[in-house]
Amino acid sequence: MDNPSIITQVTNPKEEEILSCTQDKVSQCNISLKKQRSRSIFSTLFCCFRDYNVEPPSTNSTSALPPLVEENGGLQKPISNADFIVPVEIDGTIHQVYVLKRPHVDEFLQRMGELFECVLFTASLAKYADPVADLLDRWGVFRARLFRESCVFHRGNYVKDLSRLGRELSKVIIVDNSPASYIFHPENAVPVQSWFDDMTDTELLDLIPFFEGLSKEEEVYSMLHKLCNR
């Protein structure tokens, strides 16, 4: 591999098998995942959450205050039922970031940590994402955390380049709500729906048995291809 691994602090698991999904099958995969949750494919999960597709700050700009944004680019707004309120210092000013947890994220993280090697890969800044991860991951599920500086800025988006992870691509999966995040490796993606504030949402809970099944399988790309084409 030409590029050094950006998650060298994570040891290579002995037995990893990964799920993959082609970008042009995103909608079909979403339907198939919900219908075929008993199918399985891999024993290492590469978790990627939240995406911030914004222009990088100009080196000549005197306005260094970046907007606080949600996963789909919307401005961060105060909410009355926030699970966490994280103070973030930007240019000497403290901004309050309101975080609402997606339903069943606790159960999902705990189970994924038991089944897979999990890494947080986010396009947000470490000064925001790191304290949020501290509050969210109470069980130490994430063996490594990668932030915006580990992404590749490509055509206006921060892309998560899976080839730099120090893992065989056939043994890596990215779980993400934004196709732009995995545009380099769409065949390695399991897409999830974006979430804002629907407290009746069950997607993470519904995915648990699917991933439990996947952890028992050895086949990678061909199995997901079959899943996406059902």
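Here is a walk through this structure, starting with the whole protein and then stopping at a few places along the chain. Keep in mind that the model is predicted.

Let's begin with the overall picture. The protein has five helices and nine strands. If you follow the sequence from start to end, the pattern reads α-β-β-β-α-β-α-β-β-β-β-β-α-α. Of the 230 residues, 47% are buried. The protein exposes about 11,500 Å², and carbon and sulfur atoms supply 49% of that area. Now take the contacts with a separation of 6 or more: residues 24 or more positions apart account for 74% of them.

A good first stop is the hairpin made by strands E2 and E3, which has two residues between the strands. E2 covers residues 84–90 and E3 covers residues 93–99; the two run antiparallel and are joined by seven bridges. To find one rung of this ladder, look at Ile85, whose bridge partner in E3 is Tyr98. In the turn sits Asp91, with a positive phi of about 55 degrees. Why is that worth a glance? Most residues other than glycine have a negative phi. Asp91 has its positive value although it is not a glycine. As for its surroundings, Asp91 counts as exposed because its relative accessibility is 55%, and exposed means over 50%.

Next along the chain comes helix H2, residues 105–115. Its buried residues are Val105, Asp106, Phe108, Leu109, Met112 and Leu115. An α-helix has 3.6 residues a turn, so residues three or four places apart point the same way. What do the buried residues of H2 pack against? Their partners are E4, H3, E5 and H4. Asp106 deserves a closer look: with a relative accessibility of 17%, this residue counts as buried, since the cut-off is under 20%. Beyond its neighbours within four places in sequence, Asp106 touches Lys101, Leu136, Arg138 and Trp139.

Between H2 and E4 there is a loop, and Glu117 is in it. Is Glu117 buried or exposed? It is buried, because its relative accessibility is 4%. The side chain of Glu117 also has a partner: a polar contact of 2.8 Å joins it to the side chain of Arg167.

That brings us to strand E4, residues 118–121. In a regular strand the side chains alternate between the two faces of the sheet. Here, Cys118 and Leu120 point one way while Val119 and Phe121 point the other, and all of them are buried. E4 pairs with strand E5 (residues 142–146) in the parallel sense, over four bridges. Val119, for one, has Ala144 as its bridge partner in E5. Helix H3 (residues 126–136) joins the picture too: E4, H3 and E5 make a right-handed β-α-β unit.

In the loop between E4 and H3 you'll find Thr122. Thr122 is buried because its relative accessible area is 2%. A polar atom of its side chain lies 3.1 Å from the backbone nitrogen of Ser124. Thr122 also shows how the chain folds back on itself in space: Glu149 is 27 residues away in sequence, yet the two C-alpha atoms are 9.5 Å apart.

Moving on, strand E6 spans residues 152–154 and includes His154. With a relative accessible area of 26%, His154 is partly exposed. Leaving aside neighbours within four places in sequence, His154 is in contact with Val159, Ile183 and Phe184. Ala180 is 26 residues from His154 in sequence, and their C-alpha atoms are 9.3 Å apart.

Right after that comes Arg155, in the loop between E6 and strand E7 (157–159). Arg155 is another residue other than glycine with a positive phi, near 55 degrees. Arg155 counts as exposed because its relative accessibility is 76%.

Our last stop is helix H4, residues 203–214. H4 has 12 residues and reaches 16 Å from its first C-alpha to its last, close to the 16 Å expected at 1.5 Å a residue. Which residues of H4 are buried? They are Glu203, Leu204, Leu207, Ile208, Phe210, Phe211, Gly213 and Leu214. And here we meet H2 again, whose buried residues pack against H4 among other elements.

Notes: Residues numbered from 1 in each chain as written. Predicted model: local features only at pLDDT ≥ 70, side-chain atom pairs only at ≥ 80, totals over all residues. Heavy atoms only, no water. Expected span 1.5 Å × (residues − 1). Buried < 20%, exposed > 50% of the residue type's maximum accessible area, 1.4 Å probe, protein only. Contact = heavy atoms within 4.5 Å. Pairing = 2+ DSSP bridges. Right-handed = clockwise from strand over helix to strand, strands pointing away. Areas by Shrake-Rupley, 256 points an atom, 1.4 Å probe, with all protein chains shown as cover. Polar contact = N/O pair within 3.5 Å; in protein donor to acceptor, adjacent residues only side chain to side chain.
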